[in-house]
Amino acid sequence: MNPDSDTILNIKYKISGDRNHGSHTPMFEDESSQMLTFKSALVLQRPVLEPCLAVGFLPLPPEGLRVGQLFTMKWRVERLKYLEDEQYDEVVYEINANSENWMIAGRKRGHAPLSTKQGSRIEISILCVPLVAGYMRPPQLELPDIGEGNISCNPAGPHLVCVSPPPLSSSFCIPIPIPA
C-alpha cells in the first residue's frame with residue numbers, strides 16, 4: 001500500500017456470453033465455464049474535496065504592472081483543517097518564476113509559521129520586478145512539503161498577467177538637428 005493513500009478499492013467483475021454470434025466458434029460446452037472473472041485493485045487517493053490548506057492569490061496593484069516597476073506579489077495561506085500526520089507548525093514555501101521575465105527581490109525559498117489551529121492564516125509576499133512587456137506567467141507559490149491533494153487553490157492564481165512597457169521619458173530623447 002502507498003502511505004499517502006487512504007484505502008484500496010477491490011473490483012471483481014464477470015463477463016458472460018456464448019460467442020455464437022461472433023466470428024469464432026463457441027469455446028465452451030457447459031454453461032458454468034462460460035463466465036470469465038476479472039479482479040482488480042485500485043488505490044484511492046485522499047479526496048480533493050477535503051484539502052488541509054487553501055492558497056489564494058491576492059490581487060495585483062490596480063494601476064497595473066510596468067517593466068522595471070517594483071511591486072509586491074502576495075498569497076494567503078489558510079489552514080482549513082488539522083492534518084493528522086503533520087508534525088510542524090510552519091510552512092515551507094518556494095517561489096518559482098521565469099528568470100528571463102521576472103526579477104525576484106528576496107528569498108525564493110523560506111518557511112513561515114502557521115498555527116496548527118483550524119482557520120489560522122498567513123500572508124506570504126515577495127517583491128518582484130517585471131523585466132519584459134507582454135502577457136506572461138506570474139511567479140508561482142509552491143508548498144513542496146505538502147501533497148497537492150492537501151492544497152486547495154481558491155481563487156486560483158492568474159495564468160497570465162499583462163505587463164505594460166515602461167513609460168516614455170524625456171531623458172531618453174535625443175534632439176536631432178534639422179538641416180536648414
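The exercises below, each with a worked solution, concern strand pairing and one surface patch in a predicted model.

**Exercise 1.** Work out in which order the strands of the open sheet containing E8, E6 and E11 are arranged, and which of these strands stand at the edges.

*Solution.* Begin with the sheet as a whole: it is open, consists of 3 strands in the order E8-E6-E11, and has antiparallel pairing. Next consider the edges, where strand E8 (109-113) and strand E11 (140-142) each have a single partner strand, so that one side of each is left without a neighbour in the sheet. Neighbouring strands of this sheet are turned against each other by 35 degrees on average, with direction ignored. Finally, look at one pairing in detail: strand E6, covering residues 90-96, is paired with E11 in the antiparallel sense over 3 bridges, and Asn-96 is found opposite Gln-140 in E11.

**Exercise 2.** Determine how many bridges join strand E9 to E5 and how many join E9 to E7, and name a residue pair for each.

*Solution.* Take E5 to start with: this strand, residues 71-79, runs antiparallel to E9 and is joined to E9 by 8 bridges. Within that pairing, Met-73 has Ile-126 of E9 as its bridge partner. Then turn to E7, residues 102-105, which pairs with E9 over 4 bridges, also in the antiparallel sense; here Ala-105 stands opposite Leu-127 of E9.

**Exercise 3.** Locate Val-132, decide whether Val-132 is buried, partly exposed or exposed, and identify the surface patch to which Val-132 belongs.

*Solution.* As a starting step, place the residue: Val-132 lies in the loop between strand E9 (121-130) and strand E10 (134-136). The relative accessible area of Val-132 is 32%, and since partly exposed covers the range between the cut-offs of 20% and 50%, Val-132 counts as partly exposed. A nonpolar patch on the surface is formed by Val-132 together with Met-103 and Leu-131, and the three residues have about 240 Å² of accessible area together.

**Exercise 4.** Describe the open sheet that contains E10, and explain why one side of E10 is left without a neighbour there.

*Solution.* The sheet has 3 strands in the order E4-E13-E10, and its pairing is mixed. Because E10 and strand E4 (65-66) stand at the edges with a single partner strand each, one side of each is left without a neighbour in the sheet. To complete the picture, examine the pairing of E10 with strand E13, residues 161-164: these two strands run antiparallel and are joined by 3 bridges, and the bridge partner of Gly-134 in E13 is Val-163.

Note on methods: Residues numbered from 1 in each chain as written. Predicted model: local features only at pLDDT ≥ 70, side-chain atom pairs only at ≥ 80, totals over all residues. Heavy atoms only, no water. Pairing = 2+ DSSP bridges. Axes fitted to C-alpha atoms, helices over the stretch in contact; angles between N-to-C directions. Patch = residues over 30% accessible without salt bridge, like charges linked within 9 Å, V, L, I, M, F, W, Y side chains within 5 Å. Areas by Shrake-Rupley, 256 points an atom, 1.4 Å probe, with all protein chains shown as cover. Salt bridge = Lys/Arg side-chain N within 4 Å of Asp/Glu carboxyl O. Buried < 20%, exposed > 50% of the residue type's maximum accessible area, 1.4 Å probe, protein only.
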